[in-house]
Amino acid sequence: MYKKQLVFQKYVCLFAVIAAAVSFLYSLGIITDIYDSLYATMMNPNDLTQTFVPGSVIYYDMQDFNKLYTNVSVGLILAACLLYLMNTQVRRKYYIGNYISIAIYSIATIAVTIWAHVEISAFKVQYLTTVDFEALKAFAEMWNKTYIESTFMLDLHYAVAAISLLSVAALIGNMIWKLQLMKAEDALIEAGKEAVA
């Protein structure tokens with residue numbers, strides 16, 4: 001049973017790194033569609049009221065969030081690497097450092113996922129309710145620019161969140177499995193000692 005658990009925990013730690021990397025890659029592309037369709041409509045970046053398309057200011061509104069999301073995603077990658085620093089992927093028995101690294105990754109991932117969901121959902125509402133899509137379509141046709149009405153890149157955060165939360169669930173599930181095996185092993189050792197005595 002220990003062999004299966006040891007193999008499983010290697011994959012779990014790798015999955016944590018991959019999940020954090022997915023979050024980082026998503027943060028790099030989240031406003032690609034908004035940039036492609038709305039950036040050119042802004043006549044004067046120094047005066048955001050000057051635009052061909054009402055509501056296009058959302059591109060600038062998302063900048064601070066996007067930068068912070070990228071930075072915290074890098075933090076998630078570092079938190080996932082902490083699992084490897086503590087040898088969580090190979091330890092037969094877990095020690096305090098392993099529990100701390102699991103807690104740091106899990107709490108950080110859950111917090112970032114909730115925060116990102118709240119922010120992205122708000123930006124999606126802003127995008128759908130404030131952007132004048134008729135004006136955007138007319139602008140795109142006139143200047144041969146990209147017209148995108150889809151919220152696909154914003155909606156993609158659900159998949160990213162699912163991957164992130166699944167990595168946390170797998171990591172915690174692995175830890176519970178590990179604790180059960182450690183307890184069973186300690187019980188066998190204790191029984192052996194009593195038999196010898």
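## Glutamate 185 and its salt bridge

Glutamate 185 is a buried residue, because its relative accessible area of 17% falls under the 20% cut-off. This comes from a predicted model, so please read what follows in that light. The carboxylate of glutamate 185 meets the side chain of arginine 92 in a salt bridge, at 2.9 Å from N to O. The two residues sit in distant parts of the chain, 93 residues apart: glutamate 185 belongs to helix H8 (residues 157-196), while arginine 92 lies in the loop between helix H4 (63-85) and helix H5 (96-130). Arginine 92 has a relative accessibility of 42% and is therefore partly exposed.

## A second bridge to the H4-H5 loop

Next comes aspartate 186, whose side chain forms a salt bridge with lysine 93 at 3.3 Å, N to O. Here too the pair joins distant parts of the chain, with aspartate 186 in helix H8, lysine 93 in the loop between H4 and H5, and the two positions 93 residues apart. How accessible is aspartate 186? Its relative accessible area is 40%, so aspartate 186 is partly exposed. Lysine 93, at 27%, also counts as partly exposed.

## From H7 to H5, and the wider network

Helix H7 (residues 152-155) brings in another link of this kind: aspartate 155 in H7 and lysine 124 in helix H5 are 31 residues apart and connect distant parts of the chain. Their salt bridge has its closest N and O atoms 2.8 Å apart. Aspartate 155 is partly exposed at 26% relative accessibility, and lysine 124 is partly exposed at 26% as well.

Shared partners tie some of these residues together: Arg92, Lys93, Glu185 and Asp186 are joined by salt bridges into one network. Over the whole structure, the search for salt bridges finds four.

## Helix H1 and its two faces

Helix H1 covers residues 2-29, and its length makes a neat check. With 28 residues at 1.5 Å a residue, H1 should span 40 Å, and the C-alpha atoms at its ends are 41 Å apart, which agrees. Which residues of H1 are buried? They are Tyr2, Gln5, Gln9, Val12, Cys13, Ala16, Ala19, Ala20, Ser23, Tyr26, Ser27 and Gly29.

H1 also takes part in a nonpolar patch on the surface, formed by Val7, Tyr11, Leu14, Ile18 and Tyr84, which together have about 470 Å² of accessible area. With four residues, H1 gives the most to this patch. Take valine 7 as an example: this residue lies in helix H1, and its relative accessible area of 44% makes it partly exposed.

## Cysteines without a disulfide

A disulfide is a covalent bond between the sulfur atoms of two cysteines. How many disulfides does a search of the whole structure find? The count is zero.

Cysteine 13 shows why: its sulfur is 11 Å from the closest cysteine sulfur, that of cysteine 81, too far for a bond. Looking from the other side, the closest cysteine sulfur to cysteine 81 is that of cysteine 13, at 11 Å, again too far for a bond. As for their surroundings, cysteine 13 is buried, with a relative accessible area of 0%, whereas cysteine 81 is partly exposed at 36%.

## Aromatic pairs

The whole structure holds 15 aromatic pairs. One of them brings together tyrosine 35 and tyrosine 39, with ring centres 5.0 Å apart and planes at 25°, so the pair is stacked. Tyrosine 35 is partly exposed, having a relative accessible area of 39%, and tyrosine 39 is partly exposed too, at 34%.

Phenylalanine 65 and tryptophan 115 make a tilted pair, because their ring centres are 5.1 Å apart and their planes meet at 50°. This contact links distant parts of the chain, since phenylalanine 65 is in helix H4 and tryptophan 115 in helix H5, 50 residues apart. Phenylalanine 65 is buried at 6% relative accessibility, while tryptophan 115 counts as partly exposed at 25%. Both rings also belong to a cluster in which ring pairs link Tyr26, Phe65, Tyr69, Trp115 and Phe123.

Technical notes
Residues are numbered from 1 along each chain as its sequence is written. This is a predicted model: local features need pLDDT of at least 70, side-chain atom pairs count only at pLDDT 80 or more; totals for chains, interfaces and linings use all residues. Side-chain values use heavy atoms; hydrogens and water are left out. The expected span of a helix is 1.5 Å times one less than its number of residues. Buried means under 20% relative accessible area, exposed over 50%, partly exposed in between (1.4 Å probe, protein chains only). Patches are made of residues with over 30% relative accessible area and no salt bridge: like charges are joined within 9 Å, nonpolar side chains (Val, Leu, Ile, Met, Phe, Trp, Tyr) within 5 Å. Accessible areas come from the Shrake-Rupley method with a 1.4 Å probe; for residues, only the protein chains shown count as cover. A disulfide is a pair of cysteine sulfur atoms within 2.5 Å. Rings of Phe, Tyr and Trp (its six-membered ring) pair if their centres lie within 6.5 Å; planes under 30 degrees apart count as stacked, over 60 as edge-to-face and the rest as tilted.
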